[in-house]
Amino acid sequence: MTGFEDEQSTVLSALEMSPAAEAVFRVSVIDGPDRGARVVVDGSATLLVGQSPVCALRLADATVSRRHLEIEIVGSRLRVRDLDSSNGTYVGAFRVIEALLEGGEIVTVGASRLHVERVEDAKPASIATEIAFGDVRGVSREMRRLFPLLARLSQIDVPVLIEGETGTGKEVVARSIHAEGARKSGPFVVFDCTTVAAQLLESELFGHERGAFTGAVAQRRGLFEQAHGGTLFIDEIGDLPLDLQPKLLRALERSEVRRVGSDRWIRCDVRVVSATRRNVETLVQEGRFRDDLFHRLAIGRVELPPLRKRRGDVIALLEHFCIEAGATARAIPPQVLADWMRAEWPGNVRELRNAVVREIALGDLERRIEVDNAPDAPDAHDEDGWQTSARFDLPFVEARQRVVDAFQREYLARILDAHGGSVQRAAEAAGIATRYFRLLRARARPPKKM
């Protein structure tokens with residue numbers, strides 16, 4: 001089979017692994033200010049319970065957190081998960097962090113009590129069969145139910161807020177929304193709030209006139225102007241300083257900006273898609289993010305699940321990353337694949353991609369390093385010279401550092417060679433910044449002999 005056929009076969013197998021919802025539940029408020037309110041959970045999405053406007057079951061109870069509880073269908077049961085609420089979540093008399101319910105239970109949140117009941121003879125929601133949206137891939141139920149939402153958001157010109165842990169693919173989602181929408185022929189401009197000094201953020205976003213401040217030797221168009229007719233992606237919006245937020249809100253509401261040092265307003269036709277790893281609602285509660293800006297940015301809202309919750313996606317994604325790297329899934333040994341299937345992936349999709357590239361670039365060489373330095377294999381033999389890097393007569397920390405340095409030199413040399421000597425492409429494949437790659441490379445060079 002070709003690589004593409006291999007990938008399709010694996011994807012379909014993973015799709016079969018993703019279980020369909022087998023039940024529908026109704027959650028009703030039986031005590032509290034919102035008595036009588038209810039929501040049906042049919043498996044089409046993960047729903048929130050709390051005070052926030054984004055909650056499917058919105059409660060006025062002052063003892064309930066803004067995002068207090070998450071509820072979703074898992075097979076034939078309802079999973080409830082407390083979202084680090086102030087007053088906790090109770091099933092019966094027991095406080096829970098997460099629980100699977102059969103129906104008939106009483107869930108207490110703050111001063112409100114919720115009754116969970118199974119809806120008999122109800123038809124669970126159907127889940128999209130598409131396994132991709134633009135460059136976003138996923139065969140898991142969690143991702144497939146997002147694809148129709150992403151497709152819809154790409155066709156309506158409203159701000160979108162993408163939430164998710166680091167490495168879940170927020171920028172990939174933003175690029176795909178842009179590429180599938182009416183603005184695809186326009187620019188896609190990226191701005192990361194964490195990479196620019198606080199005093200330069202306003203100039204970066206809105207531009208400046210010559211002489212506006214020390215160092216402003218020429219007029220500069222800001223990112224809003226550069227993104228005219230297209231999309232401005234603001235990454236890590238939760239880190240935007242509070243004093244700059246009113247100016248961003250005005251730019252969104254009036255579609256105009258003013259350069260630093262100018263008194264002239266400039267019209268900008270820009271769609272803003274933002275992303276954050278933070279819980280912005282918590283920042284709002286703490287007074288660190290404006291409530292009005294949050295609601296303006298989150299007209300469309302997407303919450304990306306972490307990779308550990310995307311059953312079947314590890315297989316599908318590693319197939320895709322192997323093909324990107326010019327290899328096939330056969331390049332990944334079965335034991336490595338088994339380990340990856342069990343992994344938690346705290347770095348999510350980005351970590352998986354880097355693991356695939358590293359495995360293809362180094363493969364058995366990297367594993368031999370690990371074996372040579374394992375406590376239960378002190379006498380392991382290595383034919384590639386790694387044994388000579390280890391000194392078992394030295395303190396542990398120093399001995400380990402010698403091996404790490406040797407590995408680092410070999411890794412950087414090999415990944416550079418795999419990308420034709422291009423530092424930029426090698427750094428991207430390694431998942432690190434170009435500047436940091438150069439620094440590692442400089443440090444990895446053997447010291448000159450005297």
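**Aromatic pairs.** In this predicted model, the count of aromatic pairs comes to three. Select Phe-188 and Phe-233: their rings form a stacked pair, with 6.1 Å from centre to centre and 20° between the planes. These two numbers suffice for a description, since a pair of aromatic rings is described by the distance of the centres and the angle of the planes. Now colour the chain by sequence position. Phe-188 belongs to strand 15 and Phe-233 to strand 18, and the pair links parts of the chain that are 45 residues apart. Both Phe-188 and Phe-233 are buried.

**The sheet.** Next, display the strands that carry these two rings. Strands 15 and 18 belong to an open sheet of five strands, in the order 15-18-21-14-22, with parallel pairing. Which strands stand at the edges? They are strand 15 and strand 22 (300-303); each has a single partner strand, so one side of each is left without a neighbour in the sheet. Neighbouring strands of the sheet are turned by 15° against each other on average, if direction is ignored.

Select strand 18 together with strand 21 (residues 271-276). The two run parallel and are joined by four bridges. Within this pairing, Ile-234 stands opposite Ser-274 of strand 21.

**The largest nonpolar core.** Keep Ile-234 selected and add Phe-191, Phe-224, Leu-232, Ile-237, Leu-248 and Phe-289. These are the residues with the most contacts inside the largest nonpolar core, which has 33 residues. Elements giving two or more residues to this core include strand 15 (188-192), strand 18 (231-235), helix 5 (201-206) and helix 7 (245-254). The largest share, four residues, comes from helix 7. In soluble globular proteins, nonpolar side chains tend to be buried together.

Centre the view on Leu-248. Which residues does Leu-248 touch, not counting those up to four places away in sequence? They are Phe-206, Phe-224, Ile-234, Ile-237, Leu-240 and Leu-293. Apart from this core lies another, of 24 residues; to find it, select Leu-78, Val-80, Ala-99 and Val-116, which are among them.

**A charge over a ring.** Select Arg-250 and Trp-265. Arg-250 lies over the face of Trp-265, at 4.1 Å from the ring centre.

**The whole chain.** Finally, show the full model. The protein chain has 17 helices and 22 strands. Of its 450 residues, 46% count as buried. Among contacts between residues at least 6 apart in sequence, 59% join residues at least 24 apart.

Methods. Residues are numbered from 1 along each chain as its sequence is written. This is a predicted model: local features need pLDDT of at least 70, side-chain atom pairs count only at pLDDT 80 or more; totals for chains, interfaces and linings use all residues. Side-chain values use heavy atoms; hydrogens and water are left out. A nonpolar core is a set of buried Ala, Val, Leu, Ile, Met, Phe, Trp, Tyr and Cys residues joined through side-chain atoms within 4.5 Å. Buried means under 20% relative accessible area, exposed over 50%, partly exposed in between (1.4 Å probe, protein chains only). Contact means heavy atoms within 4.5 Å. Rings of Phe, Tyr and Trp (its six-membered ring) pair if their centres lie within 6.5 Å; planes under 30 degrees apart count as stacked, over 60 as edge-to-face and the rest as tilted. A charge sits over a ring if NZ of Lys or CZ of Arg is within 6 Å of the ring centre and within 35 degrees of the ring normal. Two strands pair if DSSP finds at least two bridges between them. Axes are lines fitted to C-alpha atoms, for helices over the stretch in contact, and angles run from 0 to 180 degrees between N-to-C directions.
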